[in-house]
Every structure is written in C-alpha cells, then in structure tokens.
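Please load the model in your viewer and keep the selection panel at hand. The tour below proceeds one selection at a time, and each stop says what to pick and what is found there.

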Amino acid sequence: MNSIVIYKSKYGSTKQYAQWIASELGCNAVDAKNIKIDELSTYDNIIYGGGLYAEVIAGVSLITKNLNKLEGKKIAVFSTGITPLDCRDYYDKLVINKNFKPEMLEKIKVFNFLGKMILDELSLPHKTAIKALKKLMSGKENPSEMEKLLVTLCDANGDFSDKSAIYDLIKYIKE
C-alpha cells in the first residue's frame, strides 16, 4: 500500500507532523501547493494536514471538493492548533462541523494535533486578529468557558507539537 502525506503549513508545525508521519510510513511529505488532485490517483492512502485558523483546516478543500475523485482511497486529515487536549472534545466538534459534511466522515478519518504559536513569528494579520479576539472576549460580561479559553490561548507562546500524537493516525493508515 503506497501512501502520500500532503500538507499546508504557515508556521511549521503542520509540516513537522507531515514529515514525522511520512517518515513512519516510509513515504513522501509534499507541500499542497506542489500537488494536483489528479496526481493522487496512484496512491492507496492519502493523508492531508493543515493548520487551524478560526476552526478551518487550511487547504482542506483540496480533499473535500475532490472526494469523488478519491473514491476507494483511505483518507486521513489532520489539523494542528493550540487548543489544549483537555478542551478538545468541544473544539474538535466545531472543527469537524466547519470543515466536513456528515457524509464525508464516512470516507475521511480526522485527527487533531497540538501545534505551535510563537508570537514573534506571527504575521501582522494574525497578530491583529489575536489582539482583536482577546479584546472582544475579555470584554464579555459573562463569558462562556470556551470564551475564557480563547482569551487564555491568545497569550499562548510556544511549540506544543508532540510526535507521539501521530501514532493513532499511523495505526489507522496501516490497518
């Protein structure tokens, strides 16, 4: 069974996970900008990874808009973000609902990994968005638990990537 890992990475953690996964599977990790959907017809297993931005997996439309062309393939999608693992149940549902129609989940297995956010490396639009989000959420009179979490995450600064997180995905692909 031959596999390919495709990724779209802005700050590096998605690329790092893609490389770890590709290494474990003995295949290539390819930047999404360097691949066309028709090139995927020769692969049995397709793994796509993208960073999370407002619950949207960067570039996942490569897979979701072309699912009919990937019939018969084993497909895994992973995201990287900074939401702590103990808060992921709620957040993962948001991510899945925003990125996939229910029937797609019969063909796609989704995994979510911790990534990184190094504040000094963020682009100006991302810094501005985080600052605005923090101001908006901090000003709420009775914030929900998720809104409180968002305020906390606006100050997250570090690399939370964890190679051991990939092994459920690896196991899924090898089954």
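Begin with Gly-81, which touches Leu-52, Phe-113, Leu-114 and Gly-115 when residues up to four places away in sequence are not counted. What you have open is a predicted model, so please read each distance and accessibility as a property of that prediction. Gly-81 lies in strand 5 and counts as buried, because its relative accessibility is 12%. If you add Ala-54 to the selection and draw a C-alpha to C-alpha distance, you will find 9.9 Å between Gly-81 and Ala-54, although 27 residues separate them in sequence.

Next, select Glu-55, in the loop between strand 3 (45-53) and strand 4 (56-57). Is Glu-55 buried or exposed? With a relative accessible area of 19%, Glu-55 is buried, given that the cut-off for that class is under 20%. Show its side chain together with that of Lys-98, and a polar contact of 3.1 Å between the two side chains comes into view.

Step on to Val-56, whose place is in strand 4 and which is partly exposed, with a relative accessible area of 37%. Leaving aside neighbours within four places in sequence, Val-56 is in contact with Gly-51, Lys-98 and Asn-99. For Val-56 and Asn-99, the C-alpha to C-alpha distance is 6.2 Å, while the separation in sequence is 43 residues.

Now centre the view on Asn-99, which lies in helix 3 (residues 88-99) and counts as buried at 9% relative accessibility. Which residues does Asn-99 touch, not counting those up to four places away in sequence? They are Glu-55, Val-56, Ile-57, Val-60 and Thr-64. With its side chain displayed, look for two backbone atoms: the nitrogen of Ile-57 lies 2.9 Å from a polar atom of the Asn-99 side chain, and the oxygen of Val-95 lies 2.7 Å from a polar atom of that side chain. Asn-99 and Glu-55, 44 residues apart in sequence, are 8.0 Å apart from C-alpha to C-alpha.

For the next stop, turn to the aromatic rings, where a search of the whole structure finds five pairs. In one of these, Phe-111 and Tyr-172 have ring centres 6.1 Å apart and planes at 55°, so the pair is tilted. Phe-111 lies in strand 6 (residues 108-114) and Tyr-172 in helix 6 (residues 167-174), so the pair ties together parts that are 61 residues apart in sequence. Phe-111 is buried, with a relative accessible area of 9%. Adding Lys-74 to the selection shows its charged end over the ring of Tyr-172, 4.8 Å from the ring centre. Elsewhere in the selection of rings, Tyr-17, Trp-20, Phe-78 and Phe-113 form one aromatic cluster.

Keep helix 6 selected and colour it by accessibility. Its buried residues are Leu-169, Ile-170, Tyr-172 and Ile-173, and because they cover an arc of only 160° around the axis, they are on the same side of helix 6. On the other side, Asp-168, Lys-171 and Lys-174 are exposed. To see what covers the buried residues of helix 6, display elements including strand 1, helix 1 (13-25), strand 3, strand 5 and strand 6.

Helix 5 (residues 145-153) can be viewed in the same manner, with Met-146, Glu-147, Leu-149 and Leu-153 buried. These residues cover an arc of only 155° around the axis, which puts them on the same side of helix 5, whereas Glu-145 and Thr-152 are exposed on the other side.

Finish with the nonpolar interior. The largest nonpolar core has 24 residues, and those with the most contacts inside it are Ile-6, Leu-40, Tyr-48 and Ile-108. Two or more residues each come from strand 1 (3-8), strand 3, helix 2 (61-64), strand 5 (74-81) and strand 6, with strand 3 giving the most, namely three. Selecting Ile-108 and leaving aside its neighbours within four places in sequence, you will find contacts with Ile-63, Leu-67, Ile-75, Val-77 and Phe-100. Apart from this core lies another, of 20 residues, among them Leu-114, Leu-169, Tyr-172 and Ile-173.

Note on methods
Residues numbered from 1 in each chain as written. Predicted model: local features only at pLDDT ≥ 70, side-chain atom pairs only at ≥ 80, totals over all residues. Heavy atoms only, no water. Helix = DSSP H or I, 4+ residues; strand = E, 2+ residues; numbered from the N terminus. Buried < 20%, exposed > 50% of the residue type's maximum accessible area, 1.4 Å probe, protein only. Polar contact = N/O pair within 3.5 Å; in protein donor to acceptor, adjacent residues only side chain to side chain. Phe/Tyr/Trp six-rings, centres within 6.5 Å; stacked < 30°, edge-to-face > 60°. Lys NZ or Arg CZ within 6 Å of the ring centre and 35° of its normal. Core = buried A, V, L, I, M, F, W, Y, C linked by side-chain atoms within 4.5 Å. Contact = heavy atoms within 4.5 Å. Arc of directions from axis to C-beta.
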